Every structure is written in structure tokens, then in C-alpha cells.
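Hi there,

Here is the structure I promised to pass on. Have a look at it first, and then read on for my notes.

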Amino acid sequence: MRTKRLWIVGMVCAACLCMGVVDAVLQPGYVVKSLVKLALFLALPLAYARLDRDCDLRALFRAERKGVLAALGAGVFVYAVILAAFFLLRRAFDFSALTGSLTAQTGVRRENFLWAALYISFVNSLLEEFFFRGFAFLTLKAVSGRRFAYAFSALAFALYHLAMMLGWFSPVLLLLALAGLFVGGLIFDRFDEGGGGNIYLSWLVHMFANFATNTVGFLLFSS
């Protein structure tokens, strides 16, 4: 069990570190970045599944109705909270650097923002849920302690976003965003744990969170 835990933790850390270099140092266009992320977040869990015959990644996609309404309600609530926080904080903090940094780092701009937003909301969110909740939480939890799996997956999820958010916010907002991502990771874990061990509930909430951030992005690009 300990060896399996080390393999999962090592693979998750390696993928996050590689993506950190891509986001903060190499800064390719959004298409190239997405392809690298797709390769890492899919290839490493699949490679682990070949090593551990007890690992059945297909179970992560077995849908159940349990908890769907709760996840939908949580998603709407998260959407409202993120938008409310933006409107409350927009006068206290300067968000203007966000769109400039996003364009400079990934090539996302007003003209192609809609397509990027659709990809982020539906495809990218599913990829992240598969990796951070399916692999770094549910698969890890099966071979380690429950608390460790909760803490590790949520922390990895938050720190993974750190590299891409550098330059977007002031230090205070950055810390608030990281804290929110960590708590969000714990909530996503809880939904999937209580929803039958698949990733659909956290994906639903994650989509609404991305709907909200994309709404904020649309408002900033339009201003």
C-alpha cells in the first residue's frame, strides 16, 4: 500500500511541477498548453493503472443519480458567491492586469475568449476532475488514509493553479484565491466520496465555478 501511495503522490507532484514550468516559464499558447496538460493528466493515471491491477479507472465514470440535486444546488451557490465576490472586491482591487496577463501568457483575448471559455468549462474541468479527484483523491484514498487523500488532493489542486495565476492578482487576492481553491478541492472530494465514487458530482460543481470565472473574464474583456 505504501508503495502505491508513493507512486500516486509522485505522479501527481510530477505532473503539477511540469505544468508549473509550462505555465510560469515556457508560457506557450493555450492550444499547446492544453495538449501538454491533456497528455500529463491522462497518461500518468493510465500508466499507474497498468502497474496496479486493482485500480479500475472506469469506475470513476459510472454515473449514479445520488447527490445530483445537491451538487446542482452547490454549483449555483458557488456561481453566485464568485460573482458576488468579484462585484464586492472590484473597487478594492485592480483586476485590470488579469486580462493583460492572460493574453500575454496564453494568447487568450477578447476575440477567442468564448471558445476558450467553453473548453475550460466543459472539457478542462472534466480533465481536472479526473486527475485531482479521480486519481489524486479517490484512487489515492483506496491505498492511503482518508485524511491524507483529502489534504493532498486539495493542496495539489490549489498549488497547481498557482503558476498560472502569477501576475493575475495582487498578493492578497492571490492568497485568497489559493485558500478558496483548497477549500473548493475539499468540497469536490466530499461530493465524489458521498456520490458513489465517481467524478460527475464534482465535475458539475466545477463547471459552475468555471461558468462564474468565465463570466468575470467576459466582463473584464468587455470593459
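Which residues form one aromatic cluster? The members are Phe41, Tyr48, Phe131, Phe132, Phe135, Phe157, Tyr160 and Phe188. Please keep in mind as you read that this is a predicted model.

**Aromatic rings and charges**

In total, the structure holds 18 aromatic pairs. One of them joins Phe131 and Phe132, in an edge-to-face arrangement with 5.1 Å from centre to centre and 90° between the planes. Both Phe131 and Phe132 are buried.

Two arginines also sit over rings. Arg133 places its charged end over the ring of Phe157, 4.3 Å from the centre, and Phe157 is one of the residues in the aromatic cluster. Arg5 lies over the face of Phe148, with 5.5 Å to the ring centre.

**The overall fold**

If you like to start from the whole chain, here is the outline. The protein has eight helices and zero strands, so its pattern along the sequence reads α-α-α-α-α-α-α-α. Its radius of gyration is 17 Å, which agrees with the value near 17 Å that a compact globule of 223 residues would have. Taken along the principal axes, the C-alpha atoms fill a box of roughly 50 × 40 × 30 Å.

Of the 223 residues, 45% are buried. Among contacts with a separation of 6 or more, 81% are between residues 24 or more positions apart. The accessible surface comes to about 11600 Å², and carbon and sulfur atoms account for 71% of that.

**Two buried polar residues**

His161 has its place in helix H6, which covers residues 146–165. His161 counts as buried because its relative accessibility is 10%, below the 20% cut-off. Its side chain reaches the backbone oxygen of Phe157 at 2.7 Å, so Phe157 turns up again here, having already appeared under the charged end of Arg133. Not counting residues up to four places away in sequence, His161 touches Glu128 and Leu181.

Ser202 is found in helix H8, residues 200–222. With a relative accessible area of 0%, Ser202 is buried. The side chain of Ser202 reaches the backbone oxygen of Ile199 at 3.2 Å. Leaving aside neighbours within four places in sequence, Ser202 is in contact with Glu129, Arg133, Phe188, Phe191 and Asp192. Two of those names will be familiar: Phe188 belongs to the aromatic cluster, and Arg133 is the residue over the ring of Phe157.

**Around helix H1**

Trp7 lies in helix H1. At 46% relative accessibility, Trp7 counts as partly exposed. Trp7 and Leu51 are 44 residues apart in sequence, and their C-alpha atoms are 9.7 Å apart in space.

Gln27 is in the loop between helix H1 (2–26) and helix H2 (30–51). What is the phi of Gln27? It is positive, at about 50°, although Gln27 is not a glycine. Most residues other than glycine have a negative phi. Gln27 counts as partly exposed, with 33% relative accessibility.

If you want a place to begin in the viewer, try Phe157: it is in the aromatic cluster, it has the charged end of Arg133 over its ring, and its backbone oxygen is reached by the side chain of His161.

Best wishes

Note on methods: Residues are numbered from 1 along each chain as its sequence is written. This is a predicted model: local features need pLDDT of at least 70, side-chain atom pairs count only at pLDDT 80 or more; totals for chains, interfaces and linings use all residues. Side-chain values use heavy atoms; hydrogens and water are left out. Rings of Phe, Tyr and Trp (its six-membered ring) pair if their centres lie within 6.5 Å; planes under 30 degrees apart count as stacked, over 60 as edge-to-face and the rest as tilted. Buried means under 20% relative accessible area, exposed over 50%, partly exposed in between (1.4 Å probe, protein chains only). A charge sits over a ring if NZ of Lys or CZ of Arg is within 6 Å of the ring centre and within 35 degrees of the ring normal. Helices (H or I, at least four residues) and strands (E, at least two) are DSSP runs, numbered from the N terminus. The radius of gyration is taken over C-alpha atoms; the globule rule is 2.2 Å times the number of residues to the power 0.38. Contact means heavy atoms within 4.5 Å. Accessible areas come from the Shrake-Rupley method with a 1.4 Å probe; for residues, only the protein chains shown count as cover. A polar contact is a pair of N or O atoms within 3.5 Å; within protein, one must be able to donate a hydrogen and the other to accept it, and residues adjacent in sequence count only if both atoms are side-chain atoms.
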